[in-house]
Amino acid sequence: MHSGHLPRQLGLSLPSPLQRFTPDWPGAEKVTLWVKRDDLIHPIISGNKWRKLSQLLAENASTAQHIVSFGGGFSNHLHALGWCCHQLGIEFTALIRGNYSASPTPMINDLCHWQANIRYLTKLDYKKRDDPDYVEQLRQQYPQALIIPEGGSQQSALSGVQALLEECHTTFDQIVTPVASGATMAGLIAGSNESQQVLGIAVLNGVGYLENLVAQFLPETADRRWQILHHHHHGGYARTSSPLLDLCEEMRQRYAIPVEPVYSGKVFFAVKQLLAQGYFAAGQRILLLHTGGLQGARIDPQGTS
Ligand SMILES: *Cc1c(COP(=O)(O)O)cnc(C)c1O
C-alpha cells in the first residue's frame, strides 16, 4: 500500500536523505555508519510519525471527516497528525494527558493555530486510552470520527515504516532505532531480511514491557533478529543527563545533525558508547534511523516546563 498523492499534497520531501556519518568517535573507524534523515521529511511532521500515519491517512484522507487521537503535551504524534488534518480539511480532536490550559506548550499552541479541538484528560482517564469500553464511549461521543491510538501505533503503521527501508539502496547489517511504543521498531523488523539485525534503544525504563509491545505487532512465527538495549534511557522517558545534552549539542555543532534528548539523542549517545565498547563487529554496516521529533524539544514560552 503506497501513500499515493498525499506526500505531494502535504509538501513532503521523500525519499528522505540517506547520509554517511563519520564521527571521530573511538571505534567508529571500524564500521560504516549511515543516518536515514527522516527528520528532514518535513519541518512540521516529525519523521517516524509521518511513516506511522502514512497508510492510515492514504486510506482515509478523502473520506474521514473527523480524527481523534491521544498524546502528551509535547506529543510529536499529535503535532504531525494535527497539521495533516489541518492541511487536509479534516476536523481534529486532540485528547491530551494532563491539563495545560494555564500554560499551553508550543505543541498545543500550534494545534490551536490549526483549529484543532483540544480536550484535556486527567491522568486517570488517559490511562484508559486503550481500554475497549473507554474507546467505545469515545466512539459514541464522536460517531463520525476515526479514533487513532497514541503515537499512531497500530498495525497499519508497520507498512509505512517499512517504506523507509525500501528507500535505501544500500544493505545494512544493523538497523538502530529508538523504541517507545514499539511500532517503529516492529516496522523495521517486518521490513528487514534474515541477514539483518534490528537494534532498539529503549528511551524509557521498560525491560520486558517494550519487548512485548514490539512482539504484539509481529507474527508469532517471526524469527528473533532483534534486540532492545535498556541501559541508555538516562533515567526514563524524557529524562536527560548533562552528558546526553552535551552530545545533542555536539551532534548539532559538529555534525550538523540536530537531535533532541527524548528519542534521537539517546540513540546517538548509545551508539557512541557501543562503538567505544566494540559492540559492533568490525566491518559492519550500520543504519541509524533519525526519527525526527525536534518540535518536542521546544521550550514553552512561559518557561513553566
Ligand atoms: C514517537 C517517537 C519515537 C518512538 O517511536 P515508537 O514507534 O513509539 O517506538 C521515536 N522518535 C521520535 C522522534 C518520536 O516522536
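## Strand β7 and its partners

How many bridges join strand β7 to strand β10, and in which sense do the two strands run? Three bridges link β7 (residues 174–179) to β10 (residues 285–290), and the strands run parallel. The model is predicted. Within this pair, V176 has L288 of β10 as its bridge partner.

β7 also pairs with β8, again in the parallel sense, over six bridges. Here V176 stands opposite L199 in β8. V176 thus has a counterpart in each of two strands: L288 in β10 and L199 in β8.

## The sheet as a whole

Both pairings belong to an open sheet of six strands, in the order β1-β2-β10-β7-β8-β9. The pairing across the sheet is mixed. β1 (18–21) and β9 (226–229) stand at the edges. Each has a single partner strand, so one side of each has no neighbour in the sheet. On average, neighbouring strands are turned by 25 degrees against each other, direction ignored.

How much of β8 is covered? Strand β8 (residues 197–202) has five of its six residues buried. On from β7, β8 pairs with β9 in the parallel sense over four bridges. One opposite pair here is G200 and I228, the latter in β9.

## Crossovers and helix α8

Two β-α-β connections involve β8. In one, β7, helix α8 (residues 183–191) and β8 make a right-handed β-α-β unit. In the other, the chain crosses from β8 through helix α9 (residues 209–216) to β9, and this crossover is right-handed.

Helix α8 is mostly covered, with seven of its nine residues buried. The buried residues are A183, T184, M185, A186, G187, L188 and I189.

## A buried salt bridge and its network

Side chains of opposite charge can pair when their charged atoms come close. The model has 13 salt bridges. One of them joins R51 to E167, with the closest N and O atoms 2.9 Å apart. The partners come from distant parts of the chain, 116 residues apart. R51 is in helix α2 (residues 47–60), while E167 is in the loop between α7 (157–166) and β7.

Are R51 and E167 buried or exposed? Both are buried. The pair is also part of a wider set: K36, D38, R51 and E167 are linked in a network of salt bridges.

## Two further salt bridges

D110 and R298 meet through their side chains in a salt bridge of 3.0 Å, N to O. D110 lies in helix α4 (residues 106–113) and R298 in the segment after β10, so the contact ties together parts 188 residues apart in sequence. R298 counts as partly exposed, at 30% relative accessibility.

The salt bridge between the side chains of E249 and R252 spans 2.6 Å, N to O. Where do these two residues sit? Both are in helix α10 (residues 242–255), three residues apart, so about one helical turn separates them. E249 is partly exposed, with a relative accessible area of 34%. R252 is partly exposed too, with 46%.

Technical notes
Residues numbered from 1 in each chain as written. Predicted model: local features only at pLDDT ≥ 70, side-chain atom pairs only at ≥ 80, totals over all residues. Heavy atoms only, no water. Pairing = 2+ DSSP bridges. Axes fitted to C-alpha atoms, helices over the stretch in contact; angles between N-to-C directions. Buried < 20%, exposed > 50% of the residue type's maximum accessible area, 1.4 Å probe, protein only. Right-handed = clockwise from strand over helix to strand, strands pointing away. Salt bridge = Lys/Arg side-chain N within 4 Å of Asp/Glu carboxyl O.
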